[in-house]
Amino acid sequence: MSTTERPVPRWAYVLAHAIPFLTLPSGLWRLGLVFGSSMGMLDDSGQPAYAGGLGTKVYIVCLSIFSELVALTALGMVSRWGEVAPRWIPFIGGRRVHPYAAILPATLGALSLIAIWTYGFRDAYTDHFIPFSSTPWKVLMLSCYSPLNLWGPALLLVTWAYYRRRVSVPAVAV
């Protein structure tokens, strides 16, 4: 049973729930750095590259948590809390969410993700990428990070479904 005003298309529901799993592999890969592995990366001198001190490790953990939390916001596009703000949120709790208050940030976020990962992967499949000690390490890193290329397009699709459900008015048969 749907808890939203208008039914969410099944494909949008599934896609919104898949988005956090697109960011999870890269976060887990980064945690390998936190726990002392070089994950096969080499520094400029050809030696294994390890995460620096405590500050770097805290940054890596925070980056992994932050990216997962941001990915989880896609669930708002298919949930009741994307239409009515939860009561525990100060000032806006219990009020209707204006559709464009969700659509604009989600669209800008999706376009930003597409730009970030297009730029970030520009050399990923060439010899001008991060040096690795072996091909399997590079394949592991690329297989963990490649799903991030789908995050932006997936968010755009879920946002489009949200727009169609919340803003566009269905045609009336005459």
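Colleague: What does the lining of the largest pocket hold, by class?

Modeller: In this predicted model, the lining of the largest pocket has 19 nonpolar residues, 4 polar ones and no charged ones. The lining comes to 23 residues, and those nearest the centre of the pocket are Thr73, Gly76, Met77, Trp81 and Ala102.

Colleague: What makes a residue such as Gly76 count as polar, and Ala102 as nonpolar?

Modeller: The classes are fixed by residue name: Ala, Met and Trp belong to the nonpolar list, while Gly is placed among the polar residues, because that list does not include it. Met77, Trp81 and Ala102 are therefore nonpolar, and Gly76 is polar.

Colleague: Which helices supply this lining, and how much space does the largest pocket enclose?

Modeller: Helices H2, H3 and H5 each supply at least two residues of the lining, and H3 gives the most, with 6 residues. The volume of the largest pocket is about 440 Å³.

Colleague: What is the volume of the second largest pocket, and which residue classes are found in its lining?

Modeller: The second largest pocket has a volume of about 200 Å³, and its lining holds 8 nonpolar, 3 polar and 1 charged residues. Among the residues that line this second pocket are Thr23, Ser26, Arg30 and Ser67. Arg is one of the names that count as charged, so Arg30 is the charged residue of this lining. H1, H2, H3 and H5 each supply at least two residues here, with the largest share, 4 residues, coming from H2.

Colleague: Why is methionine 39 called buried?

Modeller: The relative accessible area of methionine 39 is 9%, and buried means under 20%, so the value falls below the cut-off and methionine 39 is buried. This residue lies in the loop between helix H1 (10-34) and helix H2 (54-72). Its phi is near 55°, which is a positive value in a residue other than glycine.

Colleague: Phenylalanine 91 also has a positive phi, near 75°, in a residue other than glycine; is phenylalanine 91 buried or exposed, and how do you know?

Modeller: With a relative accessible area of 77%, phenylalanine 91 is over the 50% that exposed requires, and it is therefore called exposed. Its place is in the loop between H2 and helix H3 (99-120).

Colleague: Why does histidine 98 count as exposed?

Modeller: Histidine 98 has 52% relative accessibility, which is over the 50% cut-off, so it counts as exposed. It lies in the loop between H2 and H3. Histidine 98 is 69 residues away from valine 167 in sequence, while the two C-alpha atoms are 9.7 Å apart in space.

Colleague: Which residues form the nonpolar patch on the surface?

Modeller: Trp11, Tyr100, Leu104, Leu157, Trp160 and Tyr163 form it, and together they have about 600 Å² of accessible area. H3 and helix H5 (148-166) each supply at least two residues of the patch, and 3 residues, the largest share, come from H5. Leucine 104, for its part, sits in helix H3.

Colleague: How do you know that the side chains of glutamate 5 and arginine 96 meet in a salt bridge?

Modeller: The distance from N to O is 2.1 Å, and a salt bridge needs a side-chain nitrogen of Lys or Arg within 4 Å of a carboxyl oxygen of Asp or Glu, so this pair qualifies. The pair links distant parts of the chain, since glutamate 5 lies in the segment before H1 and arginine 96 in the loop between H2 and H3, 91 residues apart. Glutamate 5 is partly exposed, because its relative accessible area of 46% falls between the 20% and 50% limits.

Colleague: What joins Arg80, Glu83 and Arg165 into one network?

Modeller: The side chains of glutamate 83 and arginine 80 meet in a salt bridge of 3.1 Å, N to O, and arginine 165 forms another with glutamate 83, with the closest N and O atoms 2.4 Å apart. Salt bridges that share partners thus join Arg80, Glu83 and Arg165 into one network.

Colleague: Why are glutamate 83 and arginine 165 called buried?

Modeller: Glutamate 83 has a relative accessible area of 0% and arginine 165 has 5%, and both values are under 20%, so each counts as buried. Arginine 80, at 35%, lies between the two limits and is therefore partly exposed.

Methods
Residues numbered from 1 in each chain as written. Predicted model: local features only at pLDDT ≥ 70, side-chain atom pairs only at ≥ 80, totals over all residues. Heavy atoms only, no water. Buried < 20%, exposed > 50% of the residue type's maximum accessible area, 1.4 Å probe, protein only. Patch = residues over 30% accessible without salt bridge, like charges linked within 9 Å, V, L, I, M, F, W, Y side chains within 5 Å. Areas by Shrake-Rupley, 256 points an atom, 1.4 Å probe, with all protein chains shown as cover. 1 Å grid on protein atoms, 1.4 Å probe; cavity = no way out; pocket = protein on both sides within 12 Å on 5 of 7 lines; lining within 4 Å. Points joined across faces, edges and corners; volume = space filled by probe spheres on them.
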